Every structure is written in C-alpha cells, then in structure tokens.
Amino acid sequence: MKRVALALLAGAAVLYALATWQESRGGHAVWGWVGAFAEAAMVGAIADWFAVVALFRHPLGLPIPHTAILPRSKARLGANLARFFCDNFLGTAQVLAKLRAFDAAGRLAAWLSGPAQAERLGRLGVAAAGQVLAAVDDQRLRDFLGRAAAAGLRQLDFSRTAGQVLETLTAEGRHQAMLDAVLGHAAQWLEDEALQDQLTDAIAQEVKALRYVGLDQVAARLATRKLVASIARALGETAADPAHPLRQRFDAYMQGFVQRLQQDPAFIARGERLRDELLAHDGLRDYLDGLWRQLRDWLQADLARPDSAIGQRIAGLAASVGERLASDAAMRAWLNEQLAQAAPAAIDRWREDIRRYIEERVAAWDTDELVAELEQHVGRDLQFIRINGTVVGGLVGLAIHAITLAVT
C-alpha cells in the first residue's frame, strides 16, 4: 500500500511536469486543467504522507514539533486504552447484564449432566488425586507435617480442651437428653420378657452356692426376677421424671467433672502427661504410619485401574449434581442470584487490576516494537489516507482552477 500511494504521488509529479512543459510550448488549454489537478494532487499526497508518518516517527528524521506522536504518547495511549477497555467492556452494568443472559447455573447443569463431561471430570479427579498422593507421600513433607503436628499438640492443653468440649456438650441440658435416650433404651431392654428370663437364669445359676443358708433354686429365681424388674422400673422412672434425684446427681457430677477438667491442677497435669506420653509413644507412630501405608497402597492401586472406584464416584457425583441442578429451577435461580450479587465487588476489584495491567504492559513495550505493531495492524488503512489525499487534492485543484478562470 505504501508503494501504491508513492506511485500515485510519482504519477502526479510526472503529470505535472508534462503539463507544465506543454503549457510552456503553447499547448492546448486542457493542459492547464491537467497541471492544476496534478499540482494539487502532489500537495495532497505530500501533506497526507506527512500526517501519516508523523503518527509513527519523525518525517525524514527531522525533529519537527508534534510528530512521532505514538512514541511520545505511549504512556497516555496505554492509560486511554485501559480506560476505554474497562469502561466499555468491564462496566458493572454491562457485565451484570451479560451474566443474567448467560444463565451460568443452567449451563453448568447442562455441562455436568453430559456423560462425556462426567467421565472427563472423573479422569481429571483421578489425575489430581494421584498428583496429590505422590506429593503427600514425600518423606520430607511427611516429616515436616509430623513435626508441625507434634508442635501443635504440645501446645494443646488436653484437660482444659476436654473440659471446654464437655461444657459445650452439656450446655442447655444436652447431656440430659443423651441420658434420657440411654435410660429409655436400657429400660425397654430390661423390660423384655425373654431377656429377663435369661438374666434370671444366669443369676440363679450363680447363687446355687447359697443353698447351704436355706436359699433354694426357686427362691433364687424369684428374687433375681424381682431384682431385674425393679432395676428396669427404676430406670424407667428416672427417664420419665426430669426432677428425679438420680438425674440431679448426674447433672451435678457432670458440672463438677467439667469444672475439675478446666481448673483442677491435678487433672491438668494428668492431661499434660497423657499428651506427652502419646507424643513419645513409638507404638502410636508406628500404628499411624501403618494406617497411612495401607491407605496409600489402596489409593495407588485404585487410581492405577482404568475403572477406578474414585474416578467412577467423581463422575457419578458430577452427573448426579448436574441432573439435580437441571431439574431444580429454584436452585438454578438461587445460584444465578448469588453470582449476580457477588459479581459487582469482584468486577470493581479486578477491573482496576486489569486497567493497571494494560497500562503497565503498554508502558513496558519497546517503543520501536509498539510502533511496528501498530503500523502493521493499522498502516494499510492509513495508506488509503494518502491515496485519497492524492485524488481529493487533485479534484480540489480542478475546482480552484475552474473558479480562477471564472473570475478572471
């Protein structure tokens, strides 16, 4: 395109020289029109050449003011480009409108429901699990994690922690509910006729040795049956009465035990000893290492199989989630709403990062490289400016020549 524009300029110059020569020899008046066209075409071509070149460099290497505009304005160009991109493509309103039209939840459901995608997720899950397993099995990492865990456990107060856990579990009478369940099941268990017969027979067999004091087998059986029935009745009464003395004694015992765990120096010292013994016990470490090796071997064997159970489970889970999501319009609407609510903050956060990135990237470009890239992409269109300038300039020259002849 540069050669075409230059050829038009050269053609206008040749045409101007020919017209001037013909006019000097008294040629036909048409050569005046030709000369006017060619002269104005050269002016238009040179002026537009100057304008186009001034965008990228100094024309003819001369430091003429307001030339080499792009190299001098690279930083401003980057800022304007970043601002234009962020304002027109990453505006909150534009992105939210696109998100609403996109229906991310519906697309996710359709994608997960596809068998091919589910299998692909299964394969990816197997590959990721294999990499994680290989990384975790590294002895250096295991030693580091072991040291970190031991250091954390040494700082842990077993007694106070156990007291805090029990305090949480017994808050608002939760332990009473557990006691109700235990007592109720025990009472039902002891009230069973078959079980009572079995207990009676067992206890009666044990008291055979008491015959010498006058207890016969029938008396022993009757006494033990009454004993079992009374125990069952006592458990049932305790479970049914919230204010039963046994229940209150249990409540007081639990409160006292929790307090001792948290405040009694003897309990605290015992917890510390237990902790230190566990950390120093070689058998515990060997047991944990053995468990890890068994788990690792099973995982490695499963992940190595084409029909890995883990991969199938991941694929099945993905397909199931996709099908459930596809059939649940309310859940899809909720997901889309959550995305729309979270999007503005993310857009505002990342838009500024993207804007700064564009500015920094443009500023880091080599000036010659930037100019060459821009000229490569827009230079062809800019050469049309030179071509149009040549043609339009020539037409303007004809108009000026016509006006000149008309007024003289």
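Start with the whole protein: of its 408 residues, 26% are buried. Keep in mind that this is a predicted model.

**The overall view**

Switch to a cartoon display. It shows 18 helices and 0 strands. Now think about contacts between residues with a separation of 6 or more. Of these, 70% join residues 24 or more positions apart. Turn on the surface next. Its accessible area comes to about 26900 Å². Carbon and sulfur atoms hold 63% of that area.

**Stop 1: a nonpolar patch**

Select Phe84, Phe85, Phe89, Trp350 and Ile354. Together they form a nonpolar patch on the surface. Their combined accessible area is about 520 Å². Which helices each supply at least two residues of this patch? They are α4, residues 74-89, and α17. Helix α4 gives the largest share, with 3 residues.

Now pick out Ile354. This residue sits in helix α17. Its relative accessible area is 31%, so Ile354 counts as partly exposed.

**Stop 2: Arg351**

Stay on helix α17, which covers residues 329-364, and select Arg351. Is Arg351 buried or exposed? Arg351 is buried, because its relative accessible area is 16% and the cut-off for buried is under 20%.

Show what surrounds this side chain. Set aside the neighbours within four places in sequence. Arg351 is then in contact with Cys86, Leu90, Gly91, Thr92 and Ala346.

**Stop 3: a negative patch**

Move to Asp366, Asp368, Glu369 and Glu373. These residues form a negative patch on the surface. Select Glu373 on its own. Glu373 belongs to helix α18, which runs over residues 367-407. With a relative accessible area of 43%, Glu373 is partly exposed.

**Stop 4: two loop residues with positive phi**

Go to Leu60. Where is Leu60 placed? It lies in the loop between α2 (30-56) and α3 (69-72). Check the backbone here: phi of Leu60 is near 60 degrees, a positive value in a residue other than glycine. Leu60 is exposed, at 71% relative accessible area.

Finish at Asp103. This residue is in the loop between α5 (92-102) and α6 (104-113). Phi of Asp103 is also positive, near 55 degrees, and again the residue is not glycine. How exposed is Asp103? Asp103 is partly exposed, because its relative accessibility is 33%, and partly exposed covers the range between the 20% and 50% cut-offs.

Terms used: Residues are numbered from 1 along each chain as its sequence is written. This is a predicted model: local features need pLDDT of at least 70, side-chain atom pairs count only at pLDDT 80 or more; totals for chains, interfaces and linings use all residues. Side-chain values use heavy atoms; hydrogens and water are left out. Helices (H or I, at least four residues) and strands (E, at least two) are DSSP runs, numbered from the N terminus. Buried means under 20% relative accessible area, exposed over 50%, partly exposed in between (1.4 Å probe, protein chains only). Contact means heavy atoms within 4.5 Å. Accessible areas come from the Shrake-Rupley method with a 1.4 Å probe; for residues, only the protein chains shown count as cover. Patches are made of residues with over 30% relative accessible area and no salt bridge: like charges are joined within 9 Å, nonpolar side chains (Val, Leu, Ile, Met, Phe, Trp, Tyr) within 5 Å. A salt bridge is a side-chain nitrogen of Lys or Arg within 4 Å of a carboxyl oxygen of Asp or Glu. Lys and Arg count as positive and Asp and Glu as negative; His and the chain ends are not counted. The place of a charge is taken as NZ of Lys, CZ of Arg, CG of Asp or CD of Glu.
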